[in-house]
Amino acid sequence: MGPVTRAGSISTAERARSIDALERDAFDLAIVGGGITGAGIAREAALRGLRVALLEAEDFASGTSSRSSKLIHGGLRYLAQGEVGLVRETALERKVIHRLAPHLAERRWMVLPVRSRASLLKFRAAITTYEKLGAVERDDLHRNWGAAELDEEEPALDRNEWRFACAYREYLTDDARLVLANLRAAAGQGAISLNHAPVTEITLENGRAAGVVARCRLSGRELRVRASCVVNAAGAWVEALRRFEDEAAPPLLHLSKGVHIGIPATRLPVRNLLLLQTQDHRGIFALRRDEIVFIGTTDTTYARGADLWPVITRADVEYLLEPLRRYLTTEKLEVSDVRTSWSGLRPLVAEPGKPPAETSRKDEILIGRAGVITIAGGKLTGYRPTALRTLERIERVLGRTFAAVGEGEPLPGGDFSGDLVSIARGLESEYRLDGVTGMRLARLYGSEADSVAKLGAKRLAAGAPVIAGEVDWAVMHEGAATVEDVLYRRTRAALYEADARASIAAPIAARMAELLGWSEAQAGEQIALARARLDADLDFRDSEA
Ligand code: FAD
C-alpha cells in the first residue's frame, strides 16, 4: 500500500505562516509554476517524502491549466499523426484519473456525426485501435447511432445531413479544480504552495541552482526559498525562467492560441460532447457543462508572446460559430449570443516548419546549465506520467532514488464509490438545493460537496447557483486570495454561469472581506477588478495587434 494522502488545505488566512515556513525551512524541491505540471510534480514528490515548495506567480491554474477544453482524452487525432506512444499513455491515463478523482473525470459520449455508413465504417477502424490502446472496458466501447438514437441524444443535429454517428467514451474534467486537488493532496503530505508570488530570481551557489527568490504580491514581502533542486514548470513562461539560469538559453517554445466560447444551453441544445469539423478540416468540440455549451478550440500561432489573457478576435469567434450553422438546426447563432469565453496558450515544443495543429503534444524535460529541470509541452491528461518522468530527473539531480508509491490515494473529493447523481440528490434533500445546484456542487467538489454546503447553503444572489459556503471553502482550503480567484478558478462561475457571473462579484467580495479583513476600499477594488475582467472576456477585438 502507498502512503496515505490526507486532504490537505491551502488557507489564505494562514498565508503569512506559509511564507515564514518557506523562508525558514530547507526544501528538497522548489517548483516554479502552479499549473497542472507543477501541481502534479508537487503531489508525486510529496508522496515520496520530499520537502516541496511551490511558487505560483498569479493564481494556481491561472495559466493554460484553466483554459483547456477540459477533456481527459487520449487525443484520437494524434493517432493519424503517428503518435501511438503518446495516445496509448494518455488513453490509459484516463482510467487512472477517473479512479483518483471520479468527479473530475466524468464519463461522457463523444459523438462524431457522419453523412454515410461508409464514413462510419472508416472511422470505426481508428476508434477500435484507440480503444485497444486505452484498454477500454466492454461497457464503454463505442457504439453506432442511427436515426432513433440521434433523435434521442442529439435532437438539434441536422439529420438531413448527418444521418449516423459514432459515439465513443471520453472524460470531462475541470482543469483548474484538478490542479487544486493535486496541490491539496501535496499539502496533505507537507508541501507548501504559495500563489500570487512570482519567482524573480534563481539563486546559484557554485554555479548550481540552490533555490529561488519570490515576491509576495499581496504583502510586498520578498522571500528566499532554499532548495536542493529547482523545477521550472512555468508553462508558456518557461523560457523567461530559463534565462534566470542561463541568459543565453535558446528559444524552446511555439505558442499556439486556443479560444473557447460559451453559449447558454437553451440556445444551443447539445447534450453530449459533439465533435464538429471546421471548414479547414480541424475537429472542434461543442460540450455541455451544466447550463452552458462551450465550443472550442482554435489552434493558431500566437506571436504576441506569453500573455496571461491572450487576445480573442471576432474572427476566432466566427470560426467557432461557423460549424454550428452547418451541423445544427438551431436558430443561427451570432457573436452576440456568446456569453462567456476563455483563451489559453499551448506551450508546444517548437518544431520549425510545422503549423501548430501538427506540432507534437509530447513533453520534453531538460536539465539546464545550473541543474534546473525545465518541462515544456505536454497535455493536461498526461500530467502524471510527465510528473513521473520529471521525478527521474530529480533523482539524478539529488543523487537519490525514491521508493515507488503507486497511484496513491484518491485526490481530495475523489473518495466516493457511487455516482455524482447520488451526491447531488443527497445535497438536494439535506440542504434543500435545486437539482442544478446539487449537480454543480457534486461535479466541482465530489465527496467534499457536503462539507462545502455545511459552511453555507444559501445562494450568493437570487438566481445564482453558487452558494455562500463555496467562498469560505475557497479561502480556507483552496488558497483563493482575490475575487477573480473565486469567480474564475474555484467556483468556475466566470466560465459556466453566464447569468450569475457578474451579480455574484459583490457578495463574494463581502464574504472575503470578513474572512480576510479587507477594508471597504479593498473590497471595492476587488469587485472593480473582477468586473473589468468579466467585461474583457466578451470584448472581442478586430485583430491581435
Ligand atoms: P500552466 O497551466 O500555464 O502553468 C504554468 C504556471 O506557471 C502559470 O500558472 C504561470 O502563472 C506560472 N508562472 C509563470 N512564470 C512564473 C514565475 N516567474 N514564477 C512563478 N510562477 C510562474 N490538454 C488535455 O489533456 N485536454 C484538453 O482538453 C486540452 N485542451 C486544451 C485546450 C487549449 C486551448 C489549450 C491551450 C491547451 C489544452 N490542453 C489540453 C493542454 C493543457 O491545457 C496544457 O498542456 C496544460 O494545462 C499545461 O499546464 P502547465 O502547468 O504546464 O502550464
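**Helix α12, strand β11 and a pocket**

Good morning. At the N-terminal end of helix α12, D434 acts as a cap, with a side-chain oxygen 3.0 Å from the backbone nitrogen of V436. This is a predicted model, in which local features need pLDDT of at least 70 and side-chain atom pairs count only at pLDDT 80 or more, while totals for chains, interfaces and linings use all residues. Residues are numbered from 1 along each chain as its sequence is written, and side-chain values use heavy atoms, with hydrogens and water left out.

Some terms come first. Helices (H or I, at least four residues) and strands (E, at least two) are DSSP runs, numbered from the N terminus. A polar contact is a pair of N or O atoms within 3.5 Å; within protein, one must be able to donate a hydrogen and the other to accept it, and residues adjacent in sequence count only if both atoms are side-chain atoms.

Let us stay with α12. Helix α12 covers residues 435-445, and 9 of the 11 are buried (under 20% relative accessible area, with exposed over 50% and partly exposed in between, using a 1.4 Å probe and protein chains only). The helix is therefore largely enclosed by the rest of the structure. Among the buried residues are M439, L441, L444 and Y445. Just after the helix, G446 adopts a positive phi of about 55°. The loop between α12 and α13 (449-454) holds E448, which is buried as well, because its relative accessible area is 11%. The C-alpha atoms of E448 and A187 are 16 Å from one another, although these positions lie 261 residues apart along the chain, counted as their separation.

I turn to strand β11. In β11, residues 253-264, 12 of the 12 residues are buried. L253, L255, K257, V259, I261 and I263 point one way, while H254, S256, G258, H260, G262 and P264 point the other way. Which strands run antiparallel to β11? Strands pair if DSSP finds at least two bridges between them. One partner is β16 (residues 340-349), antiparallel to β11 and joined to it by 10 bridges; here V259 is matched with S343. Strand β14 is also antiparallel to β11, with 5 bridges, and I261 has I295 as its bridge partner there. Strand β15 runs antiparallel to β11 too, with 2 bridges, and T301 of β15 stands opposite S256.

Between β14 (292-296) and β15 (300-301), the loop contains T297. T297 counts as buried because its relative accessibility is 9%. A polar atom of the T297 side chain lies 3.0 Å from the backbone nitrogen of V259. Beyond its neighbours within four places in sequence, T297 has contacts (heavy atoms within 4.5 Å) that include S69, G258, H260, R282 and R346.

Finally, the second largest pocket has a volume of about 670 Å³. Its lining has 26 residues, and L218, A481, T482, W518 and Q526 are the closest to the centre. On a 1 Å grid over the protein atoms alone, a pocket is an open set of points where a 1.4 Å probe fits, with protein on both sides within 12 Å along at least five of seven lines, and lining residues have an atom within 4 Å of a point. Grid points are joined across faces, edges and corners, and the volume is the space filled by probe spheres set on the points. Helix α18 gives the most to this lining, with 7 residues.
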